[in-house]
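Please open the model in a viewer and keep the sequence panel at hand. The tour below proceeds by selection, with a short account of what each selection shows.

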Amino acid sequence: MMERKLTILYGSQSGTAQDLAEQIWRESKMYFFRGNVLPMDEYDVSEMISERFVVCVCSTYGQGEEPDNMKRFWKFLLRKSLPTDSLRQVHFAVLGLGDSRYPKFNYVAKKLHKRLLQLGGVALLPVGLCDDQHDLGYGAVFLPWINQLWNQLGRIAPLPAGQYKLPESPREFRWNVNIVKDGNSTTTAAIDLYADVKMPNGFQTMVVENRRTTTPDHFQDVRMITFEKKAVPWCPGDVLYVRPQSSDESLDQLFEIFHQHELNLTRETVVEVKAIDSEMPVPSILQKPLPLVAIAQQYWDLTAIPRARAFAVLAKNCTNELEREKLIEFSQYEGQEELFSYANRPRRTILEVLQDFPHATKSLTPEALFELFQPMKPRAFSIASAVESGKLQILVAVIEYRTKLSVPRRGLCSHWLKRLVPGDMINAWVRKSTFQLPTDNKIPLVMIGPGTGLAPFRGILQEREFSENPTSAPLVLFFGCRSSTADFHCEKDLKRMVQSGMLQLFCAFSRDQPDKVYVQHLIRKEGVLLKKLLVENGGYVLLSGSSKNMPQAVKEALIEAIGDEQYIEEMIKANRYQEETWA
């Protein structure tokens with residue numbers, strides 16, 4: 001019988017593609033497949049010619065870029081010397097994760113699918129294009145796509161006579177978890193899970209200042225946080241990555257849940273995570289005995305909205321029939337709309353879910369906890385200063401809002417950053433900007449950055465201000481906020497640049513007059529200027545801010561302002577119209 005090997009590779013920037021790749025791996029065990037699940041750059045791509053079945057899961061980052069842990073893999077596949085029949089024995093499937101608000105939606109997955117075909121590979125099914133904008137999230141495409149994958153593999157590689165698909169995966173958990181010591185361990189305050197993790201352009205830095213830029217009575221707290229400048233350089237528009245930590249409130253809530261449900265797990269409980277086999281290795285940061293409080297503070301995202309997988313884990317050993325029935329419903333494709341109404345719409349956290357299902361929570365094991373709690377993902381912030389300023393600064397909106405739930409929703413990372421005080425040390429790293437600026441600084445820049453979308457443009461403007469020739473090209477900024485007196489970020493800097501003649505500034509203060517005014521309204525009025533800068537002088541448009549409605553409204557306003565929709569589309573194709581937005 002032919003070996004049932006399925007290799008699963010992922011390119012993941014934030015961890016979601018990895019989560020889905022691991023889910024495919026877990027389900028593959030129901031069909032008796034074996035094989036590793038790996039980041040693409042940890043796989044020896046030269047071995048692909050001898051593979052029979054390969055699944056690739058990849059996200060698209062920024063302006064159509066591949067994730068960091070896929071770059072070497074992709075570079076190899078692009079070699080012109082590779083024969084066009086290299087992968088003739090390989091049956092492959094590609095699943096993409098993207099956001100349809102971006103012009104290059106799922107660009108990386110589409111490119112990869114096309115390249116594998118060019119190299120002779122046989123597609124098991126069309127490329128799956130998951131969309132973060134869908135009400136049901138990535139699951140709307142992923143769940144039917146994975147069912148099609150198993151059906152197709154079943155036709156090409158049927159199970160031998162007498163062997164049948166298992167009703168559930170025999171690999172319920174990633175790893176084995178042993179309790180090494182319980183209670184009264186030494187202090188955990190100094191434990192840094194990521195101390196030995198070396199990131200490219202990584203460094204440790206100290207908080208110098210954490211200043212609120214909005215007035216105390218304004219509805220939103222926005223922070224300009226200044227860090228000690230390190231030797232690591234950055235360019236205008238680059239981003240700073242940080243790893244947040246759970247709040248004391250969340251940690252108290254977690255261990256109170258453990259106590260209430262008699263799980264015999266305390267802050268001091270020391271656990272050891274062990275690999276079951278080589279297919280699913282333990283992350284390096286978990287490869288030593290650790291107190292649960294360190295894992296909960298630095299590794300588990302206690303504020304995450306649980307996905308369908310979490311409900312399947314909770315259902316597994318649940319002794320209450322009503323709870324179990326509801327959990328199974330939430331875990332299946334047919335129940336995704338109900339899951340959206342229960343979890344996604346009100347932004348219900350995993351801790352709140354545990355409280356809602358007490359019988360399921362009472363039956364949890366240490367192994368199950370590592371399935372329930374998603375790994376905490378690093379967060380990215382545009383650097384709001386130039387290297388020449390001698391300061392490393394970010395502009396952060398502290399996220400807090402209400403849903404139908406009684407407790408306000410709070411952003412994990414923004415509230416962690418808010419709590420930092422001068423003298424605190426954090427680990428961080430710099431990543432190249434998704435903005436690709438023209439090398440010729442005589443080319444005009446039209447920057448559109450409402451709210452904290454201003455951050456990358458302040459860095460770009462500062463760099464020009466410190467340069468020998470700051471006014472070499474027209475620099476135009478459309479900025480928007482609620483009030484000229486409440487949330488006009490970096491007001492002194494921008495007015496100084498206007499006064500010096502290097503910047504032309506248009507401000508939309510939406511609540512300073514009876515009729516709301518936004519940046520798109522100002523753009524529509526500046527047709528003559530924008531035609532000159534963009535059409536006659538070949539300028540660039542750079543847009544930064546919320547991905548909700550603003551990008552589309554701005555695009556429509558620009559089309560109206562210059563009177564040529566086709567020209568704007570050509571700018572997008574030529575990378576002269578770039579967006580950096582976030583949900």
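Select β7 (175-181) together with strand β11 (residues 270-275). In this predicted model, the two strands run antiparallel and are joined by 6 bridges. To inspect one of these positions, display Val 177, whose bridge partner in β11 is Val 273.

Keep β11 on display and add β12 (290-291). The pairing of β11 with β12 is again in the antiparallel sense, over 2 bridges. Here Val 270 may be labelled, as its bridge partner in β12 is Pro 291.

With the three strands shown together, what is their order in the sheet? The order is β7-β11-β12, in an open sheet of 3 strands with antiparallel pairing. β7 and β12 occupy the edges, and each has a single partner strand, so one side of each lacks a neighbour in the sheet.

Next, select Lys 29 and Glu 279 and show their side chains. These residues form a salt bridge, in which the closest N and O atoms are 2.4 Å apart. Why does this pair tie together parts that are far from each other in sequence, 250 residues apart? Lys 29 belongs to the loop between α1 (16-28) and β2 (37-39), whereas Glu 279 belongs to the loop between β11 and β12, so the link spans that separation. Across the whole structure, a search finds 33 salt bridges.

Now colour the model by domain. The domain assignment gives domain 1 (6-156), domain 2 (202-242 + 377-431), domain 3 (247-372) and domain 4 (445-581).

Retain domain 2 and domain 4, whose C-alpha centres lie 23 Å apart. At their interface, 21 residues of domain 2 are in contact with 16 residues of domain 4. The area buried between the two domains is about 1500 Å², and carbon and sulfur atoms give 65% of it. On the domain 2 side, highlight Pro 236, Glu 388 and Leu 395: these residues lose the most area to domain 4, together 29% of what that side buries.

How many salt bridges and polar contacts should be sought between domain 2 and domain 4? The count of salt bridges is 0, while 7 residue pairs are in polar contact.

Finally, select β9 (222-227) and β14 (392-397), the elements that give two or more residues to the side of domain 2 touching domain 4. β14 provides the largest share of that side, 4 residues. Colouring the residues of this side by class shows 11 nonpolar, 9 polar and 1 charged.

Notes: Residues are numbered from 1 along each chain as its sequence is written. This is a predicted model: local features need pLDDT of at least 70, side-chain atom pairs count only at pLDDT 80 or more; totals for chains, interfaces and linings use all residues. Side-chain values use heavy atoms; hydrogens and water are left out. Domain bounds come from an automatic or database domain assignment. Contact means heavy atoms within 4.5 Å. Buried area is the accessible area (1.4 Å probe) that two parts lose on being put together, summed over both. A salt bridge is a side-chain nitrogen of Lys or Arg within 4 Å of a carboxyl oxygen of Asp or Glu. A polar contact is a pair of N or O atoms within 3.5 Å; within protein, one must be able to donate a hydrogen and the other to accept it, and residues adjacent in sequence count only if both atoms are side-chain atoms. Ala, Val, Leu, Ile, Met, Phe, Trp, Tyr, Cys and Pro count as nonpolar, Asp, Glu, Lys and Arg as charged, and the others, Gly among them, as polar. Two strands pair if DSSP finds at least two bridges between them.
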